[in-house]
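Student: Please take me through one part of this model closely: the salt bridges and what surrounds them. I would like one connected account.

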Amino acid sequence: MKSTFRQLCSVFLVVSLLLQVAPLAMAQAGKPAGPLAAVYNELLEARRILGEDAGAKQSQSAVPALDRAKRLVNERSFAKEFPCLAPDLRKGVEQARLKVLWNDRNEAIVIINRLLGLIDGMAKKPVPPPQNPCGNGPGAGTMLGATLLAGMGALILLFFTGQVSHR
């Protein structure tokens, strides 16, 4: 009887742990290292290079960062994911690249700052409210109950039996 009770409690603990981990695995946020973040990083790199008070030859090293940003924006997946932002970024990156090639650093920095602002505005769009407010959904009570029961099961196992498994 005692070993059956221990096995039942162990199975219950494993199931409760799975119930606690499943919502975390399914509720992953947006991709932090997605294509928008990659374009943003390349534009930041170009702005950093242009912001240094070096000569015209040094400012030309911002061109590869702008080329990488342009390549990322031209990808089909980026255009599918951000259809309203892709044309503006494409045109702006090309303008900034031309300004760098013509050694007009100040104009290039202004264009890059405008593009970074566009990306910031896109990243901070308000999210529509969920159908069920957070914590009041149909599974919230079940999850809370399962967690509490798992905790009580662990207490029973630890304090009354002194061990988790029978080995």
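Tutor: The count comes to five salt bridges, where a salt bridge is a side-chain nitrogen of Lys or Arg within 4 Å of a carboxyl oxygen of Asp or Glu. Please keep in mind that this is a predicted model, in which local features need pLDDT of at least 70 and side-chain atom pairs count only at pLDDT 80 or more, while totals for chains, interfaces and linings use all residues. Residues are numbered from 1 along each chain as its sequence is written, and side-chain values use heavy atoms, with hydrogens and water left out.

Let's start with helix α2. Helices are DSSP runs of H or I with at least four residues, strands are runs of E with at least two, and both are numbered from the N terminus. The side chains of E45 and R48 form a salt bridge, with 2.6 Å from N to O. Both residues sit in α2, three residues apart, which is about one turn of the helix. R48 also pairs with E52, this time at 2.8 Å from N to O. Together, E45, R48 and E52 are linked in a network of salt bridges.

How exposed are these partners? Buried means under 20% relative accessible area, exposed means over 50%, and partly exposed lies in between (1.4 Å probe, protein chains only). E45 is partly exposed at 28%, R48 is partly exposed at 43%, and E52 is partly exposed at 32%.

Another salt bridge joins K70 and E94, whose closest N and O atoms are 2.5 Å apart. K70 belongs to helix α4 (residues 63-74) and E94 to helix α6 (residues 86-101), so this pair ties together parts that are 24 residues apart in sequence. Here too the partners are partly exposed: K70 has a relative accessible area of 27%, and E94 has 24%.

Now for the helices that carry these residues. Helix α2 covers residues 35-51, which makes 17 residues, and reaches 24 Å from its first C-alpha to its last, close to the 24 Å expected at 1.5 Å a residue. The expected span is 1.5 Å times one less than the number of residues. The buried residues of α2 include P35, L36, V39 and E42, along with L43, A46, I49 and L50. Viewed down the axis of α2, its buried residues fall within an arc of 155 degrees, so they line one face of the helix. That arc is taken from the directions from the helix axis to the C-beta atoms.

One of those buried residues is a glutamate. E42 lies in α2 and is buried at a relative accessible area of 17%. Apart from its neighbours within four places in sequence, E42 is in contact (heavy atoms within 4.5 Å) with A65, R68, A69 and L72.

Two other residues of α2, I49 and L50, appear among the contacts of S59, again leaving aside neighbours within four places in sequence; the others are V100, N103 and R105. S59 is part of helix α3 (residues 56-59) and is buried, at a relative accessible area of 3%.

On the E94 side, the 16 residues of α6 should span 22 Å at 1.5 Å a residue, and the end C-alpha atoms are 22 Å apart, which agrees. Buried in α6 are A86, L89, G92, V93, A96 and V100. These residues cover an arc of only 130 degrees around the axis, which puts them on the same side of α6. Just after α6, N103 takes a positive phi of about 60 degrees.

To place all this in the whole: the protein has eight helices and zero strands. Buried residues make up 26% of its 167 residues. Of the contacts with a separation of 6 or more, 69% are between residues 24 or more positions apart.
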